[in-house]
Amino acid sequence: MQRFTLQEMAARVARDIPEGSYVNLGIGLPTMVANFLPPDREIVLHTENGLLGMGPAPAEGDEDPDLINAGKQPVTALPGAAYFHHADSFAMMRGGHLDLCVLGAYQVSVAGDLANWHTRASDAIPAVGGAMDLAIGAKRVCVMMEHLTRTGESKIVARCTYPLTGLACVDRVYTDLAVIDVTAGGLAVIEMAPGLDLPELARLTGVPLAMGPHPNLETA
Amino acid sequence: MPAPRSGRSLSPEPVIDKTVPTPGAALADVFDGATVMIGGFGTAGMPSALIDALIAQGARDLTVVNNNAGNADFGLALLLKAKRVRKIICSFPRQVDSWHFDTLYRAGKIELELVAQGNLAERIRAAGAGIGAFFTPTGYGTLLAEGKETRVIEGRPCVLEYPIHADFALIAALRADRWGNLVYRKTARNFGPIMASAAKCTIVQVREVVPLSALDPEAIVTPGIFVHRVVAVADAQPPARSRATA
């Protein structure tokens with residue numbers, strides 16, 4: 001088996017984003033997706049701290065401390081960009097205006113429950129940011145995460161053991177082993193890493209999986 | 001016969017002049033136990049000159065409302081380090097450079113009210129708009145909704161959230177006039193406009209105070225009615241390393 005690299009995962013997510021979409025990429029792994037969006041495709045990136053039309057990182061020396069993304073890294077504004085305050089920004093997120101968001105996760109359940117803000121570890125400091133707002137508000141919620149924990153446990157679970165971010169909110173999961181849709185009938189595998197078959201993926205994942213009918217979002 | 005209002009010219013002596021000479025003068029009446037909103041997302045839009053003046057002013061036992069809980073050794077982080085803050089209301093305290101908050105929190109020296117960021121923004125907006133409370137799907141079924149009233153509205157379960165009012169709001173903007181009309185710069189706008197509306201006394205640090213009518217009325221983001229004091233300060237930038245961290 002040959003796992004998808006983080007770059008391959010990010011490229012796959014990027015390929016599935018339809019032209020014309022308004023998209024929020026969460027902090028962490030999902031931020032990488034921006035590097036794989038073709039510059040000639042009109043996809044408008046939203047950042048929760050008040051910018052639509054976010055562009056890539058500036059050249060070194062051109063950083064502007066007043067122009068950052070949700071991860072507080074310097075970014076740029078593309079032609080057509082707009083700035084707005086936080087209540088407007090979260091109206092976009094909570095009011096169903098974003099076509100798609102991509103979030104990192106600790107766990108996703110077969111029902112599409114999402115856990116991505118708190119591990120309950122004794123020294124952990126919880127931080128939620130805008131994850132709960134995206135989970136309930138974006139028209140389509142995708143998750144990008146490694147399939148297994150460092151100790152080999154599946155992060156796709158029958159029921160989340162970490163505190164929830166949102167209930168039944170995830171539509172699709174991109175991992176280093178597979179692309180999986182959350183459907184009313186259960187988890188549907190869209191794509192697997194080279195050399196992996198469904199029985200082995202199901203064994204590693206520990207929950208029932210079926211092959212899905214649709215190869216990607218555009219034809220779904 | 002009095003001159004028609006539409007044709008009046010402003011009197012040579014300004015009647016409404018919200019400019020204050022120094023940050024210290026602007027913050028003189030902040031009292032112990034006050035609830036203080038502090039603008040900014042990380043260090044973008046953080047009113048660091050006002051925070052430095054608040055540290056010097058000495059008010060303690062404060063409740064602070066901010067998206068984060070301080071970065072590196074700059075602005076809000078230094079207010080926490082000075083042990084002036086009893087409680088912080090925020091959405092994202094944990095960052096790679098939030099070490100002053102982390103130390104206080106792990107030692108049990110600061111209370112944390114964690115709020116989903118959209119609820120933080122909307123609770124502040126609601127306070128400014130005179131809303132009694134609102135129902136939202138955000139957080140339903142999570143730890144952050146525990147103990148809160150819920151209701152199914154149009155088939156969707158929602159949580160009741162209350163406004164956050166403040167005694168003072170400390171925010172940063174790019175330019176103001178003496179009436180307190182404000183324009184901001186890029187993503188440094190963030191919480192400024194909503195915090196300005198939610199506090200009894202809103203204090204703004206700006207890079208420049210310009211004459212009345214110098215700001216385009218079509219482009220004013222925060223109308224002066226929400227602003228009480230304006231201080232012009234030289235631009236303070238955080239150290240480079242705290243700008244580039246998550």
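Reader: How do you know what confidence the predictor places in chain A?

Author: This is a predicted model, and pLDDT is the predictor's confidence in each residue, from 0 to 100. For chain A the mean pLDDT is 95, and 97% of the residues reach 70 or more.

Reader: Where in chain A does pLDDT stay under 50?

Author: That stretch is residues 215–220 of chain A. For these residues the model has seven contacts beyond four places in sequence.

Reader: What makes chain B as compact as a globular protein of its length?

Author: Chain B contains seven helices and 11 strands. Its radius of gyration is 19 Å, and the globule rule gives 18 Å for 246 residues; the two values are close, so chain B is as compact as a globular protein of that length. The C-alpha trace of chain B spans about 65 × 45 × 35 Å along its principal axes.

Reader: How many of the residues in chain B are buried, and what share of its contacts join residues at least 24 apart?

Author: A residue is buried if 20 or more other C-beta atoms lie within 10 Å of its own. Of the 246 residues in chain B, 52% are buried. Among contacts between residues at least 6 apart in sequence, 77% join residues at least 24 apart in chain B.

Reader: Why is Pro21(B) called exposed or buried?

Author: A residue counts as exposed if 12 or fewer other C-beta atoms lie within 10 Å of its own. Pro21(B) has 9 such atoms within 10 Å, and it is therefore exposed. Pro21(B) lies in the segment before α1 (23–26) of chain B. Its C-alpha atom is separated by 16 Å from that of Ala56(B), a residue 35 places away along the chain.

Reader: Which residues have the most contacts inside the largest nonpolar core?

Author: They are Val143(A), Met37(B) and Ala169(B), in a core of 136 residues. Strand β8 (residues 166–176) of chain B gives the most to this core, with eight residues. Beyond its neighbours within four places in sequence, Val143(A) is in contact with residues including Leu103(A), Val108(A), Leu114(A) and Tyr174(A).

Reader: How do you know that chains A and B touch, and what does chain A contribute?

Author: Two residues are in contact if their C-beta atoms lie within 7 Å. By that criterion, 36 residues of chain A are in contact with 43 residues of chain B. On the chain A side, α2 (86–94) and α3 (131–137) are the elements that give two or more residues. Helix α2(A) gives the most, with five residues. The residues of this side divide into 19 nonpolar, nine polar and eight charged.

Key. Residues are numbered from 1 along each chain as its sequence is written. Chains are lettered from A and ligands numbered from 1 in the order in which they are written. This is a predicted model: local features need pLDDT of at least 70, side-chain atom pairs count only at pLDDT 80 or more; totals for chains, interfaces and linings use all residues. Helices (H or I, at least four residues) and strands (E, at least two) are DSSP runs, numbered from the N terminus. The radius of gyration is taken over C-alpha atoms; the globule rule is 2.2 Å times the number of residues to the power 0.38. Ala, Val, Leu, Ile, Met, Phe, Trp, Tyr, Cys and Pro count as nonpolar, Asp, Glu, Lys and Arg as charged, and the others, Gly among them, as polar. A nonpolar core is a set of buried Ala, Val, Leu, Ile, Met, Phe, Trp, Tyr and Cys residues joined through C-beta atoms within 7 Å.
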